[in-house]
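Here is a friendly walk through a structure that may be new to you. Please keep the sequence and the 3D view open as you read.

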Amino acid sequence: MAFKKSNKLTQKAMIKQILKRCASLGKKESYDELGLPMDVPKGHFVVYVGQNRTRYIVPISILNRCEFQNLLQLAEEEFGFDHDMGIIVPCEEEFFESLVASQMLR
């Protein structure tokens, strides 16, 4: 599977933008005084995966993974990042779980 390279934003700027949007988005969680979900630990963010939009809390270190960066590019192309739900990752849950599991082993 080939992915085209996006020149819209630098990788660092894209990651900062994603994290900023993730901090205030999500489903029916409790929020603190800054508007951040209380169930998301520091150094993590929320993504929604698969057709059922299963919610995952993942470490920000996963942003360094090439596979995850490719998923974010697909997510931007398919769904954009300007909506109320948070980041929706266009892949099967099993693939995403294996990606996250392999990140935890590093």
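The points below take the sheet, then the helices, then a few charged side chains.

1. A word on the source. This is a predicted model, so please read every distance and angle below as a value computed from that prediction.

2. The sheet as a whole. In which order do the three strands of the open sheet lie? The order is 2-1-3, and the pairing is mixed. Strand 2 (54-59) and strand 3 (87-89) stand at the edges. Each of these two has a single partner strand, so one side of each is left without a neighbour in the sheet. From one strand to the next, the twist averages 40 degrees.

3. Strand 1 with strand 2. These two strands run antiparallel and are joined by six bridges. To follow the pairing on screen, you could begin with H44, whose bridge partner in strand 2 is P59, and then find V46, which stands opposite I57. The hairpin made by the two strands has four residues between them. In that hairpin, look for G50, which takes a positive phi near 80 degrees.

4. Strand 1 with strand 3. Here the pairing is in the parallel sense, over three bridges, with strand 1 covering residues 44-49. Two pairs are handy landmarks: V47 stands opposite I87, and Y48 stands opposite I88. In a regular strand, side chains alternate between the two faces of the sheet. Is strand 1 mostly covered or uncovered? Strand 1 is mostly covered, since five of its six residues are buried.

5. Just past strand 2. I60 lies in the loop between strand 2 and helix 2. With a relative accessibility of 37%, I60 counts as partly exposed, because that value falls between the 20% limit for buried and the 50% limit for exposed. I60 and H44 are 16 residues apart along the chain, yet their C-alpha atoms are separated by 5.1 Å.

6. Helix 2. This helix takes in residues 66-78, which makes 13 residues. At 1.5 Å a residue it should span 18 Å, and the C-alpha atoms at its ends are indeed 18 Å apart, so the two values agree. The buried residues of helix 2 are F68, Q69, N70, L71, L72, Q73 and A75. After the helix comes G80, which has a positive phi near 75 degrees.

7. The salt bridge. How many salt bridges does the structure hold? There is one. R65 forms a salt bridge with E67, and their closest N and O atoms are 3.1 Å apart. The two partners differ in their cover: R65 is buried, at 9% relative accessible area, while E67 is partly exposed, at 34%.

8. A buried acid without a salt bridge. E93 lies in helix 3 (residues 93-104). Although E93 is buried, it has no salt bridge. Which side chain of opposite charge is nearest to E93? That is R53, at 8.9 Å, and a salt bridge needs the nitrogen and the oxygen within 4 Å, so this pair does not count as one. What the side chain of E93 does make is a polar contact with the side chain of T54, at 2.9 Å.

Definitions and conventions
Residues numbered from 1 in each chain as written. Predicted model: local features only at pLDDT ≥ 70, side-chain atom pairs only at ≥ 80, totals over all residues. Heavy atoms only, no water. Pairing = 2+ DSSP bridges. Axes fitted to C-alpha atoms, helices over the stretch in contact; angles between N-to-C directions. Expected span 1.5 Å × (residues − 1). Buried < 20%, exposed > 50% of the residue type's maximum accessible area, 1.4 Å probe, protein only. Lys, Arg positive; Asp, Glu negative; His and termini not counted. Polar contact = N/O pair within 3.5 Å; in protein donor to acceptor, adjacent residues only side chain to side chain.
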